[in-house]
Amino acid sequence: MNTLQLVIEILGTFAFAISGIRWAAYKRFDWFGGYVVGLATAIGGGTIRDVMLGIIPFWMTSPLYLICTAAALASVIAFKKVVVRFANTWFLFDTLGLALFTVAGLQKTLIAGHPLWVAIIMGCITGAAGGVIRDVLINEVPLIFRKEIYATACIMGGVAYHIAAMLGAGPGIMAATCFTVVVVARLTAVKMHISLPHLKETENDNQHDNV
């Protein structure tokens, strides 16, 4: 389980770092700015999770995560023409990072001895919070608060993880099930333009604005 956890966190770090750096490049940040955005995207959710769980943040236990983010930056710089050509690259890596870190958050919370409903919440925070920090740094409205299915996909993945556990699946199968559900849920929602209903102003709110 610990080896699986490490592999998932490394892959998630790289995927989320690519997502953050891609957006930083779009906003014309310099290399250092791109690294900061990529690192914040990659470690933000996991840091919040670990602080809430009362354990040392995962990236403070090994330099691998900082090195992984540097590798992501080097990849974007080296293959910038390919990255620019495929405009949806950030979306692909953001979706992969979302799914990987949802799994990581679930497993780490369960290892810490918390019940599954807490693990689902922590999986959602691990997957989605990094994207919120990224969007704040690049001066965008956080994606989690807009029309796309984002945190909801994490919750769906957590529920699927729970169902797989109830059916007696092993750790690898549970992780794969959660990952697949998150990816499929987000890709389907974007392709089919599925979103949660928007909050709408009431008549009283409009009257208040006109006063």
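**Exercises on aromatic rings and overall fold**

In this predicted model, Phe 16, Phe 58, Tyr 65 and Phe 101 come together as one aromatic cluster.

**Exercise 1.** Determine how the rings of Trp 23 and Tyr 26 are arranged relative to each other.

*Solution.* The structure holds 4 aromatic pairs. For Trp 23 and Tyr 26, the ring centres are 5.3 Å apart, which is within the 6.5 Å required for a pair. The planes stand at 85°, and because an angle over 60 degrees counts as edge-to-face, the pair is edge-to-face.

**Exercise 2.** Work out how Trp 23 and Tyr 26 are placed along helix H1, and decide for Trp 23 and for Tyr 26 whether the residue counts as buried or exposed.

*Solution.* Helix H1 covers residues 2-26, and since the two residues are 3 positions apart in this helix, about one helical turn separates them. Trp 23 has a relative accessibility of 16%, and because buried means under 20%, Trp 23 counts as buried. Tyr 26 has a relative accessibility of 53%, and because exposed means over 50%, Tyr 26 counts as exposed.

**Exercise 3.** Describe the protein as a whole, beginning with its helices and strands and ending with its accessible surface.

*Solution.* The protein contains 9 helices and 0 strands, so that its elements, read from the N terminus, run α-α-α-α-α-α-α-α-α. Of its 211 residues, 45% count as buried. Among contacts with a separation of 6 or more, 73% come from residues 24 or more positions apart. The accessible surface of the protein amounts to about 11,300 Å², and 70% of this belongs to carbon and sulfur atoms.

Terms used. Residues are numbered from 1 along each chain as its sequence is written. This is a predicted model: local features need pLDDT of at least 70, side-chain atom pairs count only at pLDDT 80 or more; totals for chains, interfaces and linings use all residues. Side-chain values use heavy atoms; hydrogens and water are left out. Helices (H or I, at least four residues) and strands (E, at least two) are DSSP runs, numbered from the N terminus. Buried means under 20% relative accessible area, exposed over 50%, partly exposed in between (1.4 Å probe, protein chains only). Contact means heavy atoms within 4.5 Å. Accessible areas come from the Shrake-Rupley method with a 1.4 Å probe; for residues, only the protein chains shown count as cover. Rings of Phe, Tyr and Trp (its six-membered ring) pair if their centres lie within 6.5 Å; planes under 30 degrees apart count as stacked, over 60 as edge-to-face and the rest as tilted.
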